[in-house]
Each structure stands twice: as C-alpha cells, then as structure tokens.
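Here are a few notes to go with the structure you asked about. I have kept them to numbered points so you can follow along in your viewer.

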Amino acid sequence: MTKIDIIQNVYDKLGFSKKDAAKIVESVFDIMKEELEKGEKIKISGFGNFVVKEKKARRGRNPQTGSEIEISPRKVLTFKSSQVLRKALNKK
Amino acid sequence: MNKSELIEALSKKENLTEKKAMDIVSLVFDGFTDELKKGGRIEIRGFGSFVVRAYESYTGRNPKTGNNISVAPKRLPFFKVGKELKEKINT
C-alpha cells in the first residue's frame with residue numbers, strides 16, 4: 001500500500017475529486033511530519049504512538065574495521081503499536 | 001498531538017468540516033490496519049514504512065519467577081522511519 005492507494009480510497013469512499021484527495025492525504029502526512037520534526041509525539045488511539053526519543057552519545061564499533069568510534073547523540077523516531085492493533089494482527 | 005488534534009489541524013489546513021477531516025484520518029489509519037492484517041506492507045514516501053513480522057512460538061521465562069513459559073506464535077507490526085524524516089528529526 002502506498003499513498004496512491006490511500007488517495008484512491010478517499011476518492012472512492014468520501015466523494016472528493018482525485019486532485020483534492022491527493023492534496024488532503026499529503027496534508028495528513030505533512031502535519032504529522034511537522035509535529036515530529038518539532039520533537040512532539042503523535043498518539044493515534046487504536047493504531048499506535050510515534051515518539052521522538054533522544055539518544056545519548058555512546059561508543060560503538062565500525063563492524064567492518066573493528067575500530068572504535070564515537071556515536072554522536074541523536075534523536076530517533078520510534079513507533080509503539082497499540083494493543084488494539086497487535087490484537088487485530090493476531091486474530092484467528 | 002493525538003488523533004482529534006490531527007483531525008482539527010487537517011480541518012483548518014484544508015478548510016474541511018471536522019466531520020470530513022475525521023472521515024479522512026480514520027480512513028487512513030483503518031486502511032493501515034486492514035493492510036497490516038492482510039500481512040501487507042505500507043510505504044509512505046518521505047514518512048516511513050510499516051511491515052508485519054511473524055514470530056514462531058518459543059520458550060521464554062517469566063523474569064519475575066524464572067518459570068519457563070511457552071510464548072505463542074505472533075505477528076507484530078514494525079515501523080521504519082523514512083530517510084528524509086529521519087534526517088529532519090535529527091537536525
């Protein structure tokens with residue numbers, strides 16, 4: 001599934017033109033991206049939470065050469081799926 | 001930001017009624033759930049991708065009591081952040 005399938009879905013089910021559906025679906029992800037870029041979390045009940053976590057600097061190794069390197073502090077985006085979603089995936 | 005704040009932001013940005021905005025946001029995430037249920041993969045350019053990983057059953061331990069327990073086979077959703085968003089978050 002890609003954005004095109006979502007746009008098609010919005011067009012089929014909600015009666016928007018293809019052009020409007022494309023613009024609106026793009027906006028949904030733009031809003032989410034802007035929020036995450038600010039370091040804010042997004043909680044979608046029934047689906048999961050997107051959280052930006054701060055990672056401290058740590059020593060690591062270059063797996064190819066084995067030499068020790070400093071891994072700089074960084075922010076990473078994590079996704080924690082909701083119970084509801086995990087249950088839905090495991091329904092018989 | 002929670003789901004209703006996302007709906008509100010969308011309704012403002014695209015000049016939609018809250019009802020329409022809610023229908024769209026629900027359609028997006030219900031669509032994701034349906035696709036993952038089928039075991040399918042979702043790829044949103046510039047955002048990230050979702051996949052389902054299947055795990056066989058295994059014998060684990062209850063960390064509190066140390067008892068052996070059998071863990072049933074399961075399917076779990078995973079998210080991988082897209083390159084563009086990953087870089088933007090880290091700057």
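1. Let's begin with how the two chains meet: 42 residues of chain B are in contact with 40 residues of chain A. Please keep in mind that this is a predicted model. The area buried between chain B and chain A comes to about 4,100 Å², and 72% of it lies on carbon and sulfur atoms. On the chain B side, M1(B), L27(B) and I89(B) lose the most area to chain A, and together they account for 17% of what that side buries.

2. Now to one helix pair across the interface. Helix α1 of chain A (residues 3-14) packs against helix α2 of chain B (residues 18-37), with the axes 10 Å apart and an angle of about 130° between them. Because of that angle, α1(A) is oblique to α2(B). Their crossing is right-handed.

3. If you would like to look at the side chains there, α1(A) contributes I6(A), N9(A), V10(A), K13(A) and L14(A). They meet K20(B), D23(B), I24(B), L27(B), V28(B) and F32(B) of α2(B). Sorted by class, the residues of this contact are 7 nonpolar, 1 polar and 3 charged. Notice L27(B) in this list; L27(B) is also among the chain B residues that lose the most area to chain A.

4. Next, take the pair formed by helix α2 of chain A (residues 18-37) and helix α1 of chain B (residues 3-13). Their axes come within 10 Å and cross at roughly 125°, which means that α2(A) is oblique to α1(B). The crossing of α2(A) and α1(B) is right-handed.

5. From α2(A), the residues making this contact are I24(A), S27(A), V28(A), D30(A), I31(A), M32(A) and E34(A). From α1(B) come L6(B), A9(B), L10(B) and K13(B). The classes here are 7 nonpolar, 1 polar and 3 charged residues.

6. How many salt bridges are there between chain B and chain A? The count is 1. K23(A) forms a salt bridge with E14(B), and the closest N and O atoms are 2.8 Å apart.

7. Over all chains, the whole structure has 14 salt bridges. One of them joins the side chains of E26(A) and K3(A), at 3.0 Å from N to O. E26(A) sits in helix α2 of chain A and K3(A) in helix α1 of chain A, so this pair ties together parts that are 23 residues apart in sequence.

How values were computed. Residues numbered from 1 in each chain as written. Chains lettered and ligands numbered in written order. Predicted model: local features only at pLDDT ≥ 70, side-chain atom pairs only at ≥ 80, totals over all residues. Heavy atoms only, no water. Axes fitted to C-alpha atoms, helices over the stretch in contact; angles between N-to-C directions. Helix = DSSP H or I, 4+ residues; strand = E, 2+ residues; numbered from the N terminus. Parallel < 35°, antiparallel > 145°, perpendicular 65-115°, else oblique. Left-handed = near helix turned anticlockwise from the far one by under 90°. Contact = heavy atoms within 4.5 Å. Nonpolar A, V, L, I, M, F, W, Y, C, P; charged D, E, K, R; others polar. Buried area = accessible area lost by both parts, 1.4 Å probe. Salt bridge = Lys/Arg side-chain N within 4 Å of Asp/Glu carboxyl O.
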